[in-house]
Amino acid sequence: MVKIKKITFLLPLLSLLAMSMHAQTKFKPEDTEYYSPELRTVTTTANGAPSDAIVLFNGTNLDQWIASNDRNKAQWLVHNNTVTVAPGKGNIQTKDTFEDFQLHIEWKSPEVRKGEGQGRGNSGIFLQGYYEIQVLDNRDNPTYVNGEAASLYKQQPPLVRVLANNDAWHSYDIVYSAPRFNKDGVLLKKGSVTVLHNGVLVQNNTQIEGTTEYIGLPKIIAHGAGPIILQDHGDLVQFRNIWIRRL
Ligand code: MG
């Protein structure tokens with residue numbers, strides 16, 4: 001009796017499987033292959049930006065940037081193919097604005113290690129001007145985990161703490177989907193961000209709850225395209241090799 005019950009239970013499954021196999025045999029390989037639209041071609045080199053990227057900083061000038069406070073020329077120091085925060089001069093931001101993008105940026109902590117916690121090698125990358133991916137000297141420097149390097153600041157810690165050799169350059173590869181709002185400013189879809197820190201996944205499609213706030217909860221502020229902002233937190237953090245691809 002038990003056996004009959006089992007067979008009865010299996011029959012629909014077996015017939016489904018048989019139907020599926022029969023359907024598959026009717027296909028030819030080319031039935032599930034297509035050729036158009038053709039792919040756009042992107043060429044790459046070992047260390048440079050992909051051919052379809054907008055180079056935001058190539059080591060020579062800050063032509064793509066302005067000071068955030070007065071919209072005048074960005075005053076950070078360019079030397080040796082890097083740009084260094086000029087403490088007190090304020091944040092700098094891209095002239096261009098962006099929605100969804102892939103951003104590559106490299107950074108290095110100050111050579112002189114001083115301060116601790118959030119006071120050591122702090123800078124940051126604000127996506128669309130609102131959402132900070134933290135830059136911080138994370139070598140033997142305890143702080144709150146959602147304020148560590150590669151955190152979505154005060155919202156989401158990185159999945160792991162990525163350490164590099166002393167004085168090494170770090171890279172962030174950031175894939176960002178902007179939040180969407182309707183014409184009345186109502187949030188339709190949260191923004192999200194994926195970050196690789198030195199090639200290690202640290203933010204995996206993290207949902208962005210709102211603006212980065214030092215005090216208090218994230219706020220939902222409707223906005224359109226926005227700039228990339230680099231933070232002057234008073235520390236001599238360096239950046240280099242910055243490029244972005246619109247998605
Ligand atoms: Mg910061």
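Student: How many aromatic pairs does a search of the whole structure find?
Tutor: Good place to start! Keep in mind that this is a predicted model. Searching the whole structure for aromatic pairs gives a total of 7.

Student: Is the pair of tyrosine 131 and tyrosine 176 stacked, edge-to-face or tilted, and why?
Tutor: Let's look at the angle. Planes under 30 degrees apart count as stacked and those over 60 as edge-to-face, with the rest called tilted. Here the ring centres are 6.4 Å apart and the planes meet at 35°, so the pair of tyrosine 131 and tyrosine 176 is tilted.

Student: How many residues apart in sequence are the parts that this pair ties together?
Tutor: Find each ring's strand. Tyrosine 131 belongs to strand E8 (residues 131-135), while tyrosine 176 sits in strand E9 (residues 170-177). The pair therefore ties together parts whose separation in sequence is 45 residues.

Student: Is tyrosine 176 buried or exposed?
Tutor: Buried means under 20% relative accessible area. Tyrosine 131, at 3%, is buried. With a relative accessibility of 0%, tyrosine 176 also counts as buried.

Student: Which residues do ring pairs link into a cluster with Tyr131 and Tyr176?
Tutor: Nice follow-up! Ring pairs join Tyr131 and Tyr176 into a cluster. The other members are Phe98, Phe101 and Tyr130.

Student: Is asparagine 80 buried or exposed?
Tutor: First, place asparagine 80: the loop between strand E3 (77-79) and strand E4 (82-84) holds this residue. Exposed means over 50% relative accessible area. Asparagine 80 has 67%, so this residue is exposed.

Student: How far apart do the C-alpha centres of domain 1 and domain 2 lie?
Tutor: The protein is divided into domain 1 (2-32) and domain 2 (54-246). Between their C-alpha centres, the distance is 52 Å.

Methods. Residues are numbered from 1 along each chain as its sequence is written. This is a predicted model: local features need pLDDT of at least 70, side-chain atom pairs count only at pLDDT 80 or more; totals for chains, interfaces and linings use all residues. Side-chain values use heavy atoms; hydrogens and water are left out. Rings of Phe, Tyr and Trp (its six-membered ring) pair if their centres lie within 6.5 Å; planes under 30 degrees apart count as stacked, over 60 as edge-to-face and the rest as tilted. Helices (H or I, at least four residues) and strands (E, at least two) are DSSP runs, numbered from the N terminus. Buried means under 20% relative accessible area, exposed over 50%, partly exposed in between (1.4 Å probe, protein chains only). Domain bounds come from an automatic or database domain assignment.
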